[in-house]
Amino acid sequence: ADPFTATFSRVEISAEGGIPVIEVKRTPLDGWGRIAKRAFDIVFSLLFLSSVALWIITIYPVSFSLDEASRIAHLSFNANFDTRFYLAKAAMAIGEKYPFLGMGLGTFTNHFREFLNKDDLAGLSMIRDTPASLLRIDPHSLYFGIIAELGFVGAAVLFITLLFILYEIIKTYINNTDNYIKNSLYIFLAAITGFLLNGFFVNILSMRSFWVLLSFGFITTKL
């Protein structure tokens, strides 16, 4: 390569009065774009760290405490498990028994108690004795719910579909020069990241706003 030449991906060459003019275009990271990206990085990092912390506290029986006198932090197992812990435990037990195709859509609410022992059911006093016909409950997590009801095959199909849509959106974002579309996709990627993180705690597939957002992102790639 010639060390005295340079290649620019955003160069526009035109002629003004017979004189060639070379204009280097602004990139999306110039000006407000740089501020928007930095804000997105900070918000995403905070959401990710908060989600991981909440996931550990709610799904796993872990508690943190601080001794004010000695200024020593303690990490201990919490015996008062949250309801989400038992539901996640039941979902994983179902996934172990039916690893490939799961138990079937909508079956978790009728059978999850069969996969918990007496001690676990004692911690579910609010729903322990409710008849299955009157109970409507899920693992309160997209990922645990998919494993329990659709197995790893269903989970693979779902995630491959989501990855394909995200791939198309990211490809459109990189190749498109329309700032309006790029900004729309940028907002979409930030929003869908929040939804996927929220999937640790709720079943986002039952939320209409998730599908509307997903459709918006996919349609934008065809503009």
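Me: I picked out Glu-96, which lies in helix α2. What counts as a helix here?

Reply: First, a caution. This is a predicted model, so local features need pLDDT of at least 70 and side-chain atom pairs count only at pLDDT 80 or more, while totals for chains, interfaces and linings use all residues. Residues are numbered from 1 along each chain as its sequence is written, and side-chain values use heavy atoms, with hydrogens and water left out. Now your term: helices (H or I, at least four residues) and strands (E, at least two) are DSSP runs, numbered from the N terminus.

Me: How many helices and strands does the chain have?

Reply: It has 7 helices and 4 strands. From the N terminus, their order is β-β-α-β-β-α-α-α-α-α-α.

Me: Back to Glu-96. Is Glu-96 buried or exposed?

Reply: Look at relative accessible area. Buried means under 20%, exposed over 50%, and partly exposed in between (1.4 Å probe, protein chains only). Glu-96 counts as exposed because its relative accessibility is 66%. Its C-alpha atom is 9.0 Å from that of Ile-147, although the two are 51 residues apart along the chain.

Me: Which residues of α2 are buried?

Reply: They are Phe-85, Tyr-86, Leu-87, Ala-88, Ala-90, Ala-91, Ile-94 and Gly-95. Over the whole chain of 223 residues, 30% count as buried.

Me: What span should a helix have?

Reply: Take 1.5 Å times one less than its number of residues. Helix α2 (residues 83–97) has 15 residues and reaches 22 Å from first C-alpha to last, close to the expected 21 Å. The 20 residues of α6 should span 28 Å, and its end C-alpha atoms are 29 Å apart, which agrees.

Me: What about α5?

Reply: Helix α5 (residues 142–175) falls short. It has 34 residues, yet its ends are only 32 Å apart, against 50 Å for a straight helix. Now look for a bend, the angle between axes fitted to the seven residues ending at a residue and the seven starting there. In α5 there is a kink of about 120°, centred on Leu-150.

Me: Thr-172 is in α5 too. What does Thr-172 touch?

Reply: Contact means heavy atoms within 4.5 Å. Leaving aside neighbours within four places in sequence, Thr-172 is in contact with Leu-185 and Thr-221. Thr-172 counts as buried because its relative accessibility is 13%.

Me: Where else can I see a contact between distant positions?

Reply: Try Thr-109, in helix α3 (residues 108–111). Beyond its neighbours within four places, Thr-109 is in contact with Leu-135, Arg-136 and Ile-137. The C-alpha atoms of Thr-109 and Leu-135 are separated by 6.6 Å, though these residues are 26 apart along the chain. Thr-109 is also buried, because its relative accessibility is 8%.

Me: How do I describe two packed helices?

Reply: Use the angle between their axes and the distance between the axes. Helix α6 (residues 179–198) and helix α7 (residues 208–220) pack at about 150°, with axes 10 Å apart. Axes are lines fitted to C-alpha atoms, for helices over the stretch in contact, and angles run from 0 to 180 degrees between N-to-C directions. On the α6 side, the contact residues include Leu-185, Phe-188 and Ile-192, and on the α7 side they include Phe-210, Leu-213 and Gly-217. Leu-185, Phe-188 and Ile-192 are among the buried residues of α6.

Me: Last one. What is unusual about the phi of His-140?

Reply: Most residues other than glycine have a negative phi. His-140 is not a glycine, yet its phi is positive, about 55°. Find His-140 in the loop between α4 (118–122) and α5. His-140 counts as partly exposed because its relative accessibility is 30%.
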